[in-house]
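Me: Could you walk me through a few residues of this model, with the cut-offs spelled out?

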Amino acid sequence: MNSFLVELPAELRSAISRWTHSNPNEESAWIAEAIREKLAAETGLVMIRSRAARGDREAFLRVLAKTPALPLFPGDEQTPRSDLSQ
């Protein structure tokens, strides 16, 4: 495993120590897992943005227009959004 020096503010360092019960080996694993989670979240955002960029609002509205107008179930009511017609 490679080493990577990271400078943390004192409040983060103390919070990490509290969560890991001051075990240095556990601190390293905890930080590595936090970085993995952040990388996964960023990768997911890139994928979502990429798919959104390929979207076609006109095609979406054409498909939406084909759906039948059914009564709402109780609790599903909401004010229509004006930005859907753009």
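Me: Is E27 buried or exposed?
Reply: Happy to help! This is a predicted model, where local features need pLDDT of at least 70, side-chain atom pairs count only at pLDDT 80 or more, and totals for chains, interfaces and linings use all residues. Residues are numbered from 1 along each chain as its sequence is written, and side-chain values use heavy atoms, leaving out hydrogens and water. Buried means under 20% relative accessible area, exposed over 50% and partly exposed in between, with a 1.4 Å probe and protein chains only. E27 has a relative accessible area of 9%, so E27 is buried.

Me: Which residue shares a side-chain polar contact with E27?
Reply: E27 sits in helix 2 (residues 24-53); helices are DSSP runs of H or I, at least four residues, numbered from the N terminus. Leaving aside neighbours within four places in sequence, E27 is in contact (heavy atoms within 4.5 Å) with R13, I16, S17, T20 and S22. A polar contact is a pair of N or O atoms within 3.5 Å, one able to donate a hydrogen and the other to accept it; residues adjacent in sequence count only if both atoms are side-chain atoms. At 2.9 Å, the side-chain partner of E27 is S17.

Me: How is L12 classed by its relative accessibility?
Reply: L12 belongs to helix 1 (residues 10-20). Its relative accessibility is 42%, so L12 counts as partly exposed.

Me: What separation do the C-alpha atoms of S3 and T67 have?
Reply: S3 lies in the segment before helix 1 and, at 74% relative accessibility, counts as exposed. S3 and T67 are 64 residues apart along the chain, and their C-alpha atoms are separated by 56 Å.

How values were computed:
Helices (H or I, at least four residues) and strands (E, at least two) are DSSP runs, numbered from the N terminus.
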